[in-house]
Amino acid sequence: MGTTPRHLVGVKPSRARLLLPFLSTLVLVASRGESQGVSPAMDNVATERMAEESHRQDSANLLIFIMLLTLTILTIWLFKHRRFRFLHETGLAMIYGLLVGVILRFGVHVPQSTSDLVLSCAVNASPATLLVNVSGRFYEYTLKGEVSRSKGHQVQDDEMLRKVTFDPEVFFNILLPPIIFHAGYSLKRRHFFRNIGSILAYAFFGTVISCFVIGLIMYGVVSFMKFVGQLGGDFFFTDCLFFGAIVSATDPVTVLAIFNELKVDVDLYALLFGESVLNDAVAIVLSSSIVAYQPAGDNSHSFEGMALLKSLGLFLGVFSGSFALGVATGVMTALVTKFTKLRDFPLLETALFFLMSWSTFLLAEACGFTGVVAVLFCGITQAHYTYNNLSPDSQDRTKQLFELLNFLAENFIFSYMGLTLFSFQSHVFNPLFIIGAFVAVFLGRAANIYPLSFLLNLGRKNKIGSKLQHVMMFAGLRGAMTFALSIRDTATYARQMMFSTTLLIVFFTVWICGGGTMPMLSFMSIPVGVDSDQEHSGSAVLDGSQRRNTKHESAWPFRIWYNFDHNYLKPLLTHSGPPLTATLPACCGPLARCLTSPQAYENEGQLFDDDSDFILNDASVSSMYADVTVSTDASGSRTVNRNRSSTASTGGGPSDEGLDHELALAEHEVAIRGTRLVLPMDDPLEPPTTVTLPPPPSPPRADPRRHRL
């Protein structure tokens, strides 16, 4: 048992009494210290030297990871310069981590220290802390792990490998928060919410289906291993379900990077990105619920309906509580940035935004919720509300800051994965379990994608084609979340075998599936180079019926939510949107004036980019503030059109055909305080193309819900 000494100034009597049996077995240490006559001064000098040497070794270990990231960045530049897309930076970081792990494991040997003592101690369990009395001075020794008898002479080498093995809490509290927050903060909400129903189906139902399919298959594999005598420890059905939950978390970072670079179909990108963002949250809550499954009685692994219902209630409670906590933190940050003058000090504003966002993860974990879910929805809330209150400098800083942290943390985790394959001391590689795991992951992904796509296509007008389904099936990579969940607990035989197998699954999916993305796109004839903005706006301008189809295709809960958000939440939490004095009833006038900032009155009549993103994809809700439209063609001539625009009130939105044309043109208009400047979309070298649209009909004068600004 490896231990580390720490000198204690004072020891509580109760704690010392608890460890008296261990102190009595280590009298030999005290006697040897007295016989050697080591003075306290010499002992302090030796301790200081050990601390200095440990500090140097820790610095060298961190330097190894810094050099790994530096080498990865330089190689990434070379790949991008040569347009080499068969290997993503995450796969490259894993390769470099593997090389360093091989060198540390087999190429570096540390001489054994002559001051180490091996003593026998007859106890039934391994205490986490030992207090040792050496010549009247108490020392505390902490447990580091078990050392096998076969390699007792390699204790120093194992100690060096432990130095490059981080505490699993480092991943959850330091490396995961910026990755998850960036996923929510950089979410393309227009395409995300247009496919919100399908994304939720894949993320929630698909993850649960995948978890149980993998769990059932692995239970059969484990039963067969036990039958043929290949199982070296306990492996229960709950362990199989836990393994199914952690490997159901997808992380197609390689595929999404290639999709973004090649401009693949936006719906395919939104489905994959949305599923990967949400199913990480579902997987971690699901795994926690499986661990919390505790039937009554002596057998804690038997099936019991009440325990199953408790686990289901825990899943719903933890997820909803984490969701509420993340949204509440985002709303609080939005209110602080709205009603204070922090925007006058961009550095303080950015620092507050960063700390509030990171503290969401820690607050959720401290309250017993899941920090991944909380920080994800905090990022979405911050992007939707708080971002509008930030100064231009802080908007750029926060985007770049979390993008940088996401890049460094993600590549650090993948390089650490490669190193862990050789630095981890308790690997359990079983060929039968590994083969069964690969088959189970493949079948679990297929059970997620194909049946749900068939059911979703029954209600979707924009069908998910078979080729897109094959690409989604192929793009189910595993990554940082799967690794972090598997390394968090490696105390038992079952968890150690899960961790070792999970590493191989991540390596295979990142290298083979990620590297085969380009051939897969070519084989499936997936169109690339799609400009989503021009595609959707152009089709809407040339075909008004498509715009009306978009209106009916949008989910009605989202239309109701957008109405409420645009008229009440946006004006309450930001400086944008119609003032609360125009949307709240007259009886709430004093409250509305108190909650409406002066800047909101100045911004009245402006149509912000994030608003237009939602409006263009939900035509039943409109927000047209302009009365005058100035159109310019390629030759520079101007045409002034006075439009009779309307704005949606609380009860609903207009649905006439003229409004559809207004919405179709809205994406190419810049709203500037009541005047829209329509920019030319054609090339100046080509003759201008004029699209003639019928004038919008005048709204009924008797309708009290319509008014002009």
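Helix packing, an aromatic pair and model confidence

Helix 5 crosses helix 20 in a left-handed sense. This comes from a predicted model, so a word on confidence follows further down. The two helices, residues 89-107 for helix 5 and residues 493-515 for helix 20, pack with their axes 9 Å apart and at an angle of about 130°. Since angles over 145 degrees would be needed for roughly antiparallel, that value leaves helix 5 oblique to helix 20. On the helix 5 side, the residues in contact are Thr90, Gly91, Met94, Ile95 and Leu98, and they meet Val506, Phe507, Val510 and Trp511 of helix 20. Sorted by type, the residues of this contact come out as seven nonpolar and two polar, with no charged ones.

A second helix pair tells its own story. Helix 11 (residues 253-262) and helix 21 (residues 517-524) have axes that come within 10 Å of each other and cross at roughly 55°. That angle makes helix 11 oblique to helix 21. Helix 11 brings Val255, Ile258, Phe259 and Leu262 to the contact, while helix 21 supplies Thr517, Met518 and Leu521. Here the split is six nonpolar to one polar, and again no charged residue takes part.

Turning to aromatic rings, a search of the whole structure turns up 26 pairs. One of them joins Phe65 and Tyr416, with 6.0 Å from centre to centre and 40° between the planes, which puts the pair in the tilted class. In sequence terms the partners are 351 residues apart: Phe65 sits in helix 4 (residues 40-81) and Tyr416 in helix 16 (residues 392-423), and the pair thus links distant parts of the chain.

As for how far to trust all this, the mean pLDDT of the protein is 74, with 68% of its residues at 70 or more. Confidence peaks in helix 17 (residues 431-457), at a mean of 95, and bottoms out in strand 6 (residues 669-672), at a mean of 35. At the start of the chain, residues 1-37 have pLDDT below 50, yet this stretch still has 60 contacts in the model beyond near neighbours in sequence. Another such stretch covers residues 607-693, where pLDDT stays under 50 and the model has 192 contacts beyond four places in sequence. Where pLDDT is low, the predicted coordinates should not be read in detail.

Methods. Residues numbered from 1 in each chain as written. Predicted model: local features only at pLDDT ≥ 70, side-chain atom pairs only at ≥ 80, totals over all residues. Heavy atoms only, no water. Axes fitted to C-alpha atoms, helices over the stretch in contact; angles between N-to-C directions. Helix = DSSP H or I, 4+ residues; strand = E, 2+ residues; numbered from the N terminus. Parallel < 35°, antiparallel > 145°, perpendicular 65-115°, else oblique. Left-handed = near helix turned anticlockwise from the far one by under 90°. Contact = heavy atoms within 4.5 Å. Nonpolar A, V, L, I, M, F, W, Y, C, P; charged D, E, K, R; others polar. pLDDT = per-residue confidence, 0-100. Phe/Tyr/Trp six-rings, centres within 6.5 Å; stacked < 30°, edge-to-face > 60°.
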